[in-house]
Structures are given as C-alpha cells and as structure tokens.
Amino acid sequence: MAEMDTSSGGGHKKGPGVKKAKKLSTRVDLTPMVDLGFLLITFFIFTTTMSQPTAMKLFLPKDVENPDDQNKIKQSNALTLLLGKEDNVFYYEGELAPDASNFKSSNFKDIRDVIIRKKQAVDSNLVVVIKPTDECEYKNVIDILDEMTISVVKKYAMVDISDVEKQLVTITEGAAGSK
Amino acid sequence: MSRPKIARKSTSIDMTAMCDVAFLLLSFFILTTKFKPSEAVTVATPNSVAAKVAPEKDFIMISLTSDGKAFISVGDSQGDKEKKKVMIEEINTRETLGLTDAEIAALVRAPFVGAPIAQLKQVAAIPTEKMTGASMPGIPIADTSNNQMVDWIRAAVVAYQGEKLNVVLKGDNVAKYPAFKNIIAALKKNEQFKFQMVTNPEAVPQGTYLWNANMAGKSQEQL
C-alpha cells in the first residue's frame, strides 16, 4: 500500500549503525479510485432520465358550416365516449336512447375493453366520437386520444358535448358521489 | 532432479488502466449529458405511447399551465428568435401598440410571451430573469370574443409564411379542457389543422392492437 516517506530527505550519509531506509515503491493502489469511478458512473446513469419528450400528432377537422357537408356515420358503427371529471368516462353505442338506457359509466382502465369489443363487433368500421365535458382535464383528453392509438382506431373525432349529455354526466356523477 | 521453481507472482493487478477507463467513461457521460433547460413555465406533461420525438427547433410552442394560463414561446435557435421578432412586430403594427425597437428586442429576449397584448409595453420593462410563469397573467384565452391566441397564431402564420409552421402544444396534466378547446379554436380560426402535443413517452400496454402491430414490426405511422 502507498505510504508517505516521512524519513528525512536530503542525501546526507547516515552513521554506521543506522539502517538504510528501504526504498518504498511509488505505486499507488488504485482499486479504491476505480471503485469510486464506477460508483459515480452508476450513480449518473441511474439518476439520468432519458427524458426526450415525444409528440402526439392531432389533425383537426375543418369546421363545416353546412350540415349536409358533414361526414355522416352509420349509427351502429359509432361509439361515443364522454369524459367527466375525476377520470370518469361514460359511453354509449350508437345513438343515445331517449331514456338513456344505453348510457353506461366506465373508467380509463375498462374503456379499452369497451373500445376493443366494439371494434371487433363492427369489424374496423368503428368511429369513435369523443366528447369531453368542461370539467375534464387535459390529461384525460390525451389519455383517450392515446387509447385511440393503442387500439388502432383510425376514425375518431372530438366533438362538443350536447346539453342532454352534459346533464346525464352530471346526474350520473352526482349519483356516484352520494354513494 | 529438481523441478524448476515457479516464481510466485503477486496477485495484485495494476489498476491504473481500469481507473483510466472508469474516469474516461465518467467524464464522457457527464459531458454528453444535456441538462434539461430550465423552464420559465413549469408544465407537467401527460404520458402517451407516441413514438415521435418532439421537435427541438423551428416551432412555436403554446404552453398551458395547471392554472389555465396560456403562454407562447418559440424554439431556441437563432432562426426562431427572428421569427418571434416578426411576430411581435406584426402584433405591434396590427394593434398599434407603439413599441419601440428596444422594447421589441426585450420581448424577443424574454423566454415567452404571457400577457395580454395591451400590456406588452409594461411587460417589456420586466427583466428576463424575473419573468416566471407564476408572475405573468398569461395570454387571455378564456373569453371566446377576446381570444388573443387567435392574434398570436395569426402573427405566427405571417412570420412563417412560405415555411412549415409547427405548432406544439404543451399542456399540463390538470389543465382544464375548456382552455385546451379555446386553443384548438384559435388554431382552427387560422386554418392550422395540424398540431403536436408534447407528452412523456410511455410503454405500449401488452396485448393491445398496437402492441401486436409493433411486435409484427409495424410502426405507428404505418397503421
């Protein structure tokens, strides 16, 4: 191991009875330094997050004034998702029944199964209509758009919510909250 | 007959070479790591499975904070700064704000624009380092009749005339939907139908359609 030579320097000759100082090696044991080096490397590697942000593309439709010019979709192929507050998702297939019997509530975990089931049922003609309410968060919108990518739904649209649907969402959320 | 004696070798190895390697790697990692640029506006972006990397230059970024404020900024490159100058000059002439050249330069230097157009003159006097997302009022977007994001996007369209305008939206997790909707409305008004949303990467859940497609070697764009 490395040791400092503390014996007096200077080349003066020592007396006859004095032993000659042993010449010590100048080599230093570098093992601890290597340990330290690799420790730092591992530390830096683990604390560095590979945070290259990604970007999701979104294509907006042109606003069409004339309702006749709008794309018509077959009701049976449609799935409407409504985004409520606190990560609630509601959905109905086809047209909303007057008594709201096909209005179901769900959440972000189960909605994927709903989409996949519908997709299998209509054989890739699926059109998903996304209607976010004013209470829902930006994250919810991104999440639901992401679900479209995950389940490879090619046709989807973000549409403003109607008053009837808004009321239904509020009522259902209120009922769930009182439980 | 005596066997030749095998010299007993020391078991200690010279560590110098290994030490060199360790520190070489260490310095390499430290020097190549790019620090996250300190952001004047803090935005926690949501996760998505999108695989495309967000652009690093030639874009205009709309930031939407958790408290619903909107800010507009451009990339860091010199070209982007020039575009920002054109944008501010455009706003200046359109709204007859009477900004001086020095004020325009100050606004261009600022990391973002986050105030109503009428207040730009006062904002130009605020030093850059004191400008934070929390202290600025944000661009008014809540009111559909006075959605100033429309003016900013229009100015951006003018600045990027003849070039591709990349609009990047960076929204916070908990930003409310109406703010997002108003930004979309502002983009639509200026006929900007394509935009990108900044997200953090996330793994594709197993067993889904996309996952199966990825396993089959198809990218998201091919689907």
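1. In this predicted model, the two chains touch over a shared interface, in which 52 residues of chain B are in contact with 39 residues of chain A. On the side of chain B, the elements that give two or more residues are helix H1 (16–32), strand S4 (167–171), helix H6 (177–189), strand S5 (194–201) and helix H7 (209–215). The largest share, nine residues, comes from H1(B).

2. The chemical character of this side of chain B may be read from its residue classes. The residues that touch chain A comprise 35 nonpolar, eleven polar and six charged.

3. Strand S5(B) also takes part in strand pairing between the chains. Strand S1 (residues 54–59) of chain A pairs with S5(B) in the antiparallel sense, over six bridges. For A:Met56, the bridge partner in S5(B) is B:Met197.

4. A separate point concerns two helices within chain B. The axes of helix H2 (residues 78–95) and helix H5 (residues 149–159) of chain B come within 8 Å and cross at roughly 125°. An angle of 65 to 115 degrees would count as roughly perpendicular and one over 145 as roughly antiparallel; H2(B) and H5(B) are therefore oblique to each other. Their crossing is right-handed.

5. The residues that form this helix contact can be located in the structure. From H2(B), B:Lys83, B:Val86, B:Met87, B:Glu90 and B:Ile91 meet B:Asp151, B:Ala155, B:Ala156, B:Val158 and B:Ala159 of H5(B). By class, the contact has seven nonpolar, no polar and three charged residues.

Notes
Residues numbered from 1 in each chain as written. Chains lettered and ligands numbered in written order. Predicted model: local features only at pLDDT ≥ 70, side-chain atom pairs only at ≥ 80, totals over all residues. Axes fitted to C-alpha atoms, helices over the stretch in contact; angles between N-to-C directions. Helix = DSSP H or I, 4+ residues; strand = E, 2+ residues; numbered from the N terminus. Parallel < 35°, antiparallel > 145°, perpendicular 65-115°, else oblique. Left-handed = near helix turned anticlockwise from the far one by under 90°. Contact = placed C-beta atoms within 7 Å. Nonpolar A, V, L, I, M, F, W, Y, C, P; charged D, E, K, R; others polar. Pairing = 2+ DSSP bridges.
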